[in-house]
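Welcome! Have the sequence and the model side by side, and try each exercise before reading its solution.

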Amino acid sequence: MELFAEVAKAHSFSRAAATLGMPTSTVSRQVAELERAVGLRLLSRNTRRVELTDAGRLYFERCRRIVAEAEIAHEELREQLEIPSGPLRVQLPAAYALDALIPALVAFGGRYPEIRLQMSVAGPEFAEHPPEIGDVSIRLGEQPDSSLVARRLGAVHAQLYASPAYLAARGAPLSPADLARHDCIGLRAGGGQPAPWPLQRGREQLLVPVEYRYGANDACMARQLAVLGAGIAALGGDQSSQLRSGELARVLPAWSLGPIEVHAVTETRLLPARTRRLIDFLAEYLDTPLNKPAHGLAPELQIRRAA
């Protein structure tokens, strides 16, 4: 049942076998024996992809919860004696939060060396058509009501950066309102009217209308656009190497972009130890002073639009 569920999630015998650390032939043989035992074909096999049959979809919905509960039951018995281990599939948001969260995932991997992190980044279609979330999906902003379980981890902030060449040519903004006259690099690709940037300074927060000269759904892409002089970008994470090399300079250093809430989203509240440890670790990481603006976050914010 566990092998079948893994193949159904991966749509591939070979990828499932790699995740489980087993030979592909063993996985294929065990799933075939399961099909003979239930008397129905559960998977439709072709040379490119493995798909669930109608019977397979029904069986998968039931059995994956059984498999998850069985795994948790075993882990609860051995958790006091063993270090959490095994594969952990983490879906990360595109845009600057990816840069901000990578250091946390590296630190988590150092603390739990037996856990194998398998990370993927949500593409530009993520907002309208969320992909399968794996074991846990890290998502930004308010979460809609759904059958999924969301836990708030904290919030992330970004700073504004541009290349010295761009600032020399266009002039450095002296106030948030000046951003309206600059080329800005959007946090994600997509159509429609760009959302205002929520800039925060102490107790004050401005909603600043901006025009996206470029749109990027990847933190590395946005940073490279800024380095090449394309405009002003909001970047999370550590940009100290680019600042030291002179590739980037801070823009409006008294202001930060955010806070933008971060959630861990799972399909169920019954989570294996490795997933629970990651969620707890990220909540602790996002609560450290390193990941908050230097002026701190006031209990209430005075929100207004930039003039």
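**Exercise 1: a residue after a helix**

His11 lies in the loop that links helix 1 to helix 2 (13–20). Helices (H or I, at least four residues) and strands (E, at least two) are DSSP runs, numbered from the N terminus. This is a predicted model, where local features need pLDDT of at least 70, side-chain atom pairs count only at pLDDT 80 or more, and totals for chains, interfaces and linings use all residues. Residues are numbered from 1 along each chain as its sequence is written, and side-chain values use heavy atoms, with hydrogens and water left out.

Task: find the sign of phi of His11, and decide whether His11 is buried or exposed.

Solution.
- Step 1: phi of His11 is near 55°, a positive value in a residue other than glycine.
- Step 2: most residues other than glycine have a negative phi.
- Step 3: His11 has a relative accessible area of 15%. Buried means under 20%, exposed over 50%, partly exposed in between (1.4 Å probe, protein chains only). His11 is therefore buried.

**Exercise 2: the helix before it**

Task: how many residues of helix 1 (residues 2–10) are buried?

Solution.
- Step 1: go through the helix; among its buried residues are Leu3, Phe4 and Val7.
- Step 2: the count is seven of nine, leaving helix 1 mostly covered.

**Exercise 3: the partners of strand 5**

Task: in which sense does strand 5 pair with strand 13?

Solution.
- Step 1: two strands pair if DSSP finds at least two bridges between them.
- Step 2: strand 5 and strand 13 have four bridges and pair in the antiparallel sense.
- Step 3: within this pairing, Ile138 stands opposite Ala264 in strand 13.
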